[in-house]
Amino acid sequence: MKKYLLYISIITIAASACNKQLDLRPSDYIDPEGAYQNVEDVNQGLLGAYSALSYYSSIRYTSLITDENMLPSENSTGSGFATHRWQYDGSFLHDAWKDNYIAIDRLNRALSASYRVAVKPSEHEALAQYRGELLALRAYCHLELVRNFAEKYEPGALGVPYMDSSFIGKPARLSFAASMSRINQDLAAAKGMIPAGFDDRTRINKAAVAALQARAALYEKNWDNAITYATEAIDALPLANRAQFPQIWKDNSTAEVFWKLKRVTGDEEIGNFYTQAGFLDNPAGRRLYYAASYKLTNLFDKVNDIRFSSYIRIDAGRLAAGNVPNAVVKYIAANTASNLVDIKLLRTGEMYLIRAEAYAEKDQPGLAANDLNSLRAARIAGYTPQTFADKAAIIAAVYSERFKELAFEGHRHFDLRRRNLNISRNPEDAVNALGAVLLTPNDPEYVFPIPNSELRANPNMKQNPGYVNK
């Protein structure tokens, strides 16, 4: 009995010690109350939200599933084959879902803390700017989620959950209209907080907010707002000239760039999706993973359009060897050995095309033609302005121009979806697509699925039509 009592005493003492230890926080733990003490801490939280952003997935998946790129036979080590062939189902995990909601959670924590920290009299303007950036970031992330995952870009269609605070819960999808309303509210509030003199192109400034408002209006088909905000953005930042334009993509110029994601060593090298590193130094000895489609390549004036040489290179040696020659060089660094460059998120060229489309929809073809011709004149040497027969003709021209101007920037899929247009590949671009040449708006794969992992964790989440939950 004494022996048993001794064992019981030892266990009791050990349990008591464990309980006391469980009451202690880990020495390296910082709770939200401790993490944010002052205005500079809010800035650091904002930078943490910026660092979580990754537009790579939107660019990559757009290139994979549309008529923008083709899969060359030499690519035996790359990824994305099933996606390129439209062989995905509800188990497909699009990185944009987790990437954007992670960034949203970070920024919501910083935004909430911004109302609790100690503020010196000299810091009020800076704090207001940080709040404006956080709100604009929240709108941007939700707009990316809408573009990728909304059932349709129509008012009553399913949108996405809008997270305006950091909590663990089971939110349902808002309608597309409600999602866009929340985006617009955040952008409007942000614009009033960011000072006009702030012009850091690696962060969201006031002109970038106007550009985001124009893009949001485009998806809503709010043509009046699209014209208003695109004009505001254009007035703030003119088009790059022909000398500046190629330097944008080498990070040697910020001409016409409202906002870009700064990439540093260790970040994803977006160019690695298209070409093996060092491609320009040795085209014959490096691989093309995904080449520019012939459908896109043949749209360009290859001699006079500065966009062609900035985006695509045709290598005669590769052609002679029987390899696809259409290399995407848009994301090859200035030193040519690296594929690490900044990601340009908002440009003036897009604003001209948004306004041109809005003018056409408002039955103002002359103004639409002016914008389209202005953009082309800035890009194409010796360009002669064109006239267009009617509204349909100018809209078709705008869409063709968007295909060229915004190539490999993550827009093509969403542009086709905005007008319920087929994804249609030319035969020469589908040699390794296993018959994936036509994807219609009636096919489930036309819209990305909500990840099944999200559906399993959240019973209030609804899947996009046509996908079977697993």
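**Figure 1. Helix 6 and the lining of the largest pocket.** Helix 6 contributes seven residues to the lining of the largest pocket, the most that any element gives. The structure shown here and in the following views is a predicted model. The lining of this pocket comprises 20 residues in total, and those nearest its centre are W97, Y101, M163, F167 and E454. Two elements give two or more residues to the lining, namely helix 6 (95–113) and helix 19 (452–457). The space within the largest pocket amounts to about 480 Å³. Sorted by class, its lining consists of 11 nonpolar, five polar and four charged residues.

**Figure 2. The second largest pocket.** This view is centred on a pocket with a volume of about 250 Å³, the second largest in the model. Its lining is made up of 14 residues. Nearest the centre of the second largest pocket lie E151, K152, P441, D443 and V447. Six of the lining residues are nonpolar, four are polar and four are charged.

**Figure 3. The largest cavity and its lining.** Four cavities of 30 Å³ or more are present in the structure. The largest cavity, shown here, has a volume of about 60 Å³. Its lining is formed by L53, S54, Y55, S58, N100, Y140, E144, N148 and L261. Helix 7 is the main contributor to this lining, to which it gives three residues. By class, four residues of the lining are nonpolar, four are polar and one is charged.

**Figure 4. The surroundings of E144, a residue of the cavity lining.** E144 belongs to helix 7, which spans residues 124–149, and is among the residues that line the largest cavity. With a relative accessible area of 1%, E144 is under the 20% limit and therefore counts as buried. When residues up to four places away in sequence are left aside, E144 is in contact with Y55, S58, N100 and R215. Of these contacts, Y55, S58 and N100 also appear in the lining of the largest cavity.

**Figure 5. I343 in strand 6 and its contacts.** I343 is part of strand 6, which covers residues 343–347. The relative accessible area of I343 is 0%, so this residue is classed as buried. Apart from residues up to four places away in sequence, I343 touches Y55, Y56, I59, K260, L261, R263, E268 and I270. Y55 and L261, both in this list of contacts, are also among the residues lining the largest cavity. The C-alpha atoms of I343 and A407 are 13 Å apart in space, while the two residues are separated by 64 residues in sequence.

**Figure 6. The salt bridge between K295 and D67.** Across the whole structure, 39 salt bridges are found. In the one shown here, K295 pairs with D67, and their closest N and O atoms are 2.8 Å apart. K295 is located in helix 12 (residues 294–297) and D67 in the loop between helix 4 (56–65) and strand 1 (69–70), so the salt bridge ties together parts that are 228 residues apart in sequence. The two partners are set differently with respect to the surface: K295 is partly exposed, at a relative accessible area of 22%, whereas D67 is buried, at 1%.

**Figure 7. The salt bridge between D251 and K344.** The closest N and O atoms of D251 and K344 are 2.7 Å apart in this salt bridge. D251 lies in the loop between helix 11 (245–248) and strand 2 (257–261), and K344 lies in strand 6, so the pair ties together parts that are 93 residues apart in sequence. D251 is partly exposed, with a relative accessibility of 27%, whereas K344 is buried, with a relative accessible area of 5%.

**Figure 8. K404, E401 and a network of salt bridges.** K404 and E401 form a salt bridge in which the closest N and O atoms are 3.5 Å apart. Both residues lie in helix 17 (residues 391–405), three residues apart, which is about one turn of the helix. K404 and E401 are both buried. Through salt bridges with shared partners, E256, D305, R307, K330, R347, R376, R379, E401, K404, E405 and E409 are joined into one network.

How values were computed. Residues numbered from 1 in each chain as written. Predicted model: local features only at pLDDT ≥ 70, side-chain atom pairs only at ≥ 80, totals over all residues. Heavy atoms only, no water. 1 Å grid on protein atoms, 1.4 Å probe; cavity = no way out; pocket = protein on both sides within 12 Å on 5 of 7 lines; lining within 4 Å. Points joined across faces, edges and corners; volume = space filled by probe spheres on them. Helix = DSSP H or I, 4+ residues; strand = E, 2+ residues; numbered from the N terminus. Nonpolar A, V, L, I, M, F, W, Y, C, P; charged D, E, K, R; others polar. Buried < 20%, exposed > 50% of the residue type's maximum accessible area, 1.4 Å probe, protein only. Contact = heavy atoms within 4.5 Å. Salt bridge = Lys/Arg side-chain N within 4 Å of Asp/Glu carboxyl O.
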